[in-house]
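Got the viewer open? Let's take a walk through this one, stop by stop.

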Amino acid sequence: MTWHVADDDLRAYVRGELAAPMLWSADTHLMACERCRTVLAEVSDPVSLDEGWERLDAELDAPRAGFLESVLVRLGVADHTARLLAATPVLRLSWLGAVVAVLAMTVVATGSMRTSGTPTLFLALAPLLPLAGVALSYGPVLDPTYEMAVVSPMHGFRLLLIRTVPVLATALVLNGLATFALPSYGLRALAWLLPALALTATGLALMPRLGPVLAPGLVGGVWVAVLVVAGQTTEGTGTLAPYTVPGQGVAAVVAVLAAGFFYLRRDRFDSASAHTPFADFQNGGMV
């Protein structure tokens, strides 16, 4: 090889000051010339070189953003928030696919059991799905970012909302799409909305006292009990009490009161008190 990169150009190369087209020539030449690579190592700053390798290692080891995370970032969501949302178990395809399958089977079953003018089976199940989604969004077993969430430099209430709002919105959208598959019932097929909001808000309000698993489980159990009692007291093919106008009014009142109570107790989600179930959960004591 008759040509080599001049020492001054190599020093400029190290400092990042070598301009094209000489920069391109130096890049190509250094790949094939051991002598110039030796000179380059001698004129390079070891500290800067080590820092460059560290930055390269960090870039190579950085986890790649998935589809959902990339979409959220493009929509303006902060990187750390997008990562917390993308790692939410119930926003993954497995959970969403299961919810779609359950709703589809419920719609088919409701359509085949036209014994009343109200889609009772669908209305009984649909309010439970948002509540279940919220309950399954937390915990060291299901949440792959549990440790990151626990040490996250944000208040527990905000962290709870970051997870709850997208999960609730997703479940409500899926329920709404399933409702369109029951056009013969008209607006009666939307009677699940207020109970869903009431159940979810009540579960959230009870979390500081009962924990993120027991609270939604208890609320869901009460909903099933109410439906059983309503079914036994309803004559013939009459509409169950929760789906009547007074029942919908009660659900709306419960949703508003529970949401207000949840907001008033928001400081409890930031409390480090060891005797509260939610604090036990945050410290890993409750799944």
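Here is a short tour that goes from the whole chain to a few spots worth selecting.

**Whole chain**

Keep in mind throughout that this is a predicted model. Colour by secondary structure to start: the protein chain has 15 helices and 0 strands. Switch to colouring by burial next, and you'll find that 38% of the 287 residues count as buried. If you show a surface, the protein chain exposes about 16,100 Å², and carbon and sulfur atoms supply 67% of that area. For a contact map, take the contacts with a separation of 6 or more: residues 24 or more positions apart account for 69% of them.

**Stop one: helix α1**

Select residues 7–15, which make up helix α1, and show the side chains of D8 and R11. What do the side chains of R11 and D8 meet in? They meet in a salt bridge, at 3.3 Å from N to O. A search of the whole structure finds 1 salt bridge, so this is the stop for it, given that a side-chain nitrogen of Arg within 4 Å of a carboxyl oxygen of Asp qualifies. Why can the two pair up along the helix? R11 and D8 are 3 residues apart in α1, so about one helical turn separates them. As for their surroundings, D8 is exposed, with a relative accessible area of 58%, while R11 is partly exposed at 36%.

**Stop two: L161**

Now jump to helix α11, residues 156–179, and pick out L161. L161 counts as partly exposed, at 29% relative accessibility. Which residues does L161 touch, not counting those up to four places away in sequence? Select P166 and F262 to see them. Then draw a C-alpha to C-alpha distance from L161 to L204: it should read 10.0 Å, for two residues that are 43 apart in sequence.

**Stop three: the surface of α13**

Helix α13 covers residues 214–233, and L214 lies in it. Select L214 together with L218, V222 and V226, and turn the surface on: these residues form a nonpolar patch. Together they have about 340 Å² of accessible area.

**Stop four: the second largest pocket**

Keep V226 selected and add A198, L199, W223 and V254; these five lie nearest the centre of the second largest pocket. Its lining has 16 residues in total, and its volume is about 290 Å³. Which elements give two or more residues to the lining? Show α12 (193–210), α13 and α14 (245–264) to see them. V226 thus appears at both of the last two stops, in the nonpolar patch and in the pocket lining.

Note on methods:
Residues numbered from 1 in each chain as written. Predicted model: local features only at pLDDT ≥ 70, side-chain atom pairs only at ≥ 80, totals over all residues. Heavy atoms only, no water. Helix = DSSP H or I, 4+ residues; strand = E, 2+ residues; numbered from the N terminus. Buried < 20%, exposed > 50% of the residue type's maximum accessible area, 1.4 Å probe, protein only. Contact = heavy atoms within 4.5 Å. Patch = residues over 30% accessible without salt bridge, like charges linked within 9 Å, V, L, I, M, F, W, Y side chains within 5 Å. Areas by Shrake-Rupley, 256 points an atom, 1.4 Å probe, with all protein chains shown as cover. 1 Å grid on protein atoms, 1.4 Å probe; cavity = no way out; pocket = protein on both sides within 12 Å on 5 of 7 lines; lining within 4 Å. Points joined across faces, edges and corners; volume = space filled by probe spheres on them.
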